Amino acid sequence: MGAPDLAPPASARARSAAIRTVALFEAFKGAVVLLAGSGLLLLIHTDVHAAAARLIEHWHLNPASRYPQIFLEAASNLQDSRLMLLAAGAALYALVRFVEAWGLYGEKAWAEVLAAVSGGIYVPFEVVELLRQPSSHGAVLLIVNLLIVALMVGALLQRRKRGGYPDA
């Protein structure tokens, strides 16, 4: 008779790997938003409208068409205080994503709750947008978000079934 097998079952290892993948994805989202926020800070004390016009020209877009015009109008309405506010919001969002990623990587129950709630908040908006303007991009975003929410809810249910939340 051999020693008892103390390794977790394959399904638990797969769930753990999936949760850590979500953690890396959340950290990536935080890094992208942090970089974008840092880029906003670089625009302080510059002519944002002129920079937007140069960007549109660089990409060979027609400045009179709809989307470049919206971009130019938005750039015209950005003052230094608004840029600072946007950059601060980006930093706060990135901090939340980094904390969530750290917790998910450590398989903390609070991080699984945060991931399920923060992912679930977007679902109604994604559904409405998909109904308003169907696109493969929107469908992929909705499916990925639903998979993440389902994974987190499943992990929380499994944790509850095992007998609680010792790390909460």
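Me: I56 lies in helix α2, residues 48-58. What makes a run of residues a helix?

Reply: Helices are DSSP runs of H or I with at least four residues, numbered from the N terminus, while strands are runs of E with at least two. The run from 48 to 58 is α2, and I56 sits in it. This is a predicted model, in which local features need pLDDT of at least 70 and side-chain atom pairs count only at pLDDT 80 or more, whereas totals for chains, interfaces and linings use all residues. Numbering starts from 1 along each chain as its sequence is written, and side-chain values use heavy atoms, with hydrogens and water left out.

Me: Why is I56 called buried?

Reply: Its relative accessible area is 4%, and buried means under 20% (exposed is over 50%, partly exposed in between, with a 1.4 Å probe and protein chains only). I56 is therefore buried.

Me: Which residues does I56 touch, leaving aside its neighbours within four places in sequence?

Reply: L61, P63, P68, F71 and L72 are in contact with I56, contact meaning heavy atoms within 4.5 Å. As for Q69, its C-alpha is 9.6 Å from that of I56, and the two are 13 residues apart in sequence.

Me: Now the charges. What makes E26 and R97 a salt bridge?

Reply: Their side chains meet at 3.2 Å, N to O. The definition asks for a side-chain nitrogen of Lys or Arg within 4 Å of a carboxyl oxygen of Asp or Glu, so the pair qualifies. E26 is in helix α1 and R97 in helix α4, 71 residues apart. Both ends are buried: E26 has a relative accessible area of 4%, R97 one of 5%.

Me: What else does R97 pair with in a salt bridge?

Reply: E100, with the closest N and O atoms 2.1 Å apart. These two lie in helix α4, three residues apart, about one turn of the helix. E26, K29, R97 and E100 are linked in a network of salt bridges, and the whole structure has six salt bridges.

Me: Why does the bridge between E112 and R159 tie together separate parts of the chain?

Reply: E112 lies in helix α5 and R159 in helix α6, so the pair joins parts 47 residues apart in sequence. Their side chains meet at 3.0 Å, N to O, and both residues are buried.

Me: What makes a set of residues a nonpolar core?

Reply: Its members are buried Ala, Val, Leu, Ile, Met, Phe, Trp, Tyr and Cys residues, joined through side-chain atoms within 4.5 Å. Here the largest such core has 11 residues, including I19, V22, L104 and M152. Helices α1 (10-42), α5 (109-132) and α6 (136-162) each supply at least two of its residues, and α6 gives the most, with four. L104 is in contact with I19, V22, A23 and M152, among others. Another core of six residues lies apart from it, among them A52, L72, A75 and L83.

Me: And how do you know that V99 is partly exposed?

Reply: V99 has a relative accessible area of 38%, which falls between the two limits for buried and exposed, so partly exposed is the right label. V99 is in helix α4 and helps make a nonpolar surface patch of about 600 Å², together with L92, L95, V96, W102 and W110. Patch residues need over 30% relative accessible area and no salt bridge, with nonpolar side chains (Val, Leu, Ile, Met, Phe, Trp, Tyr) joined within 5 Å and like charges within 9 Å. Areas come from the Shrake-Rupley method with a 1.4 Å probe, and for residues only the protein chains shown count as cover. Helix α4 provides the largest share of this patch, five residues.
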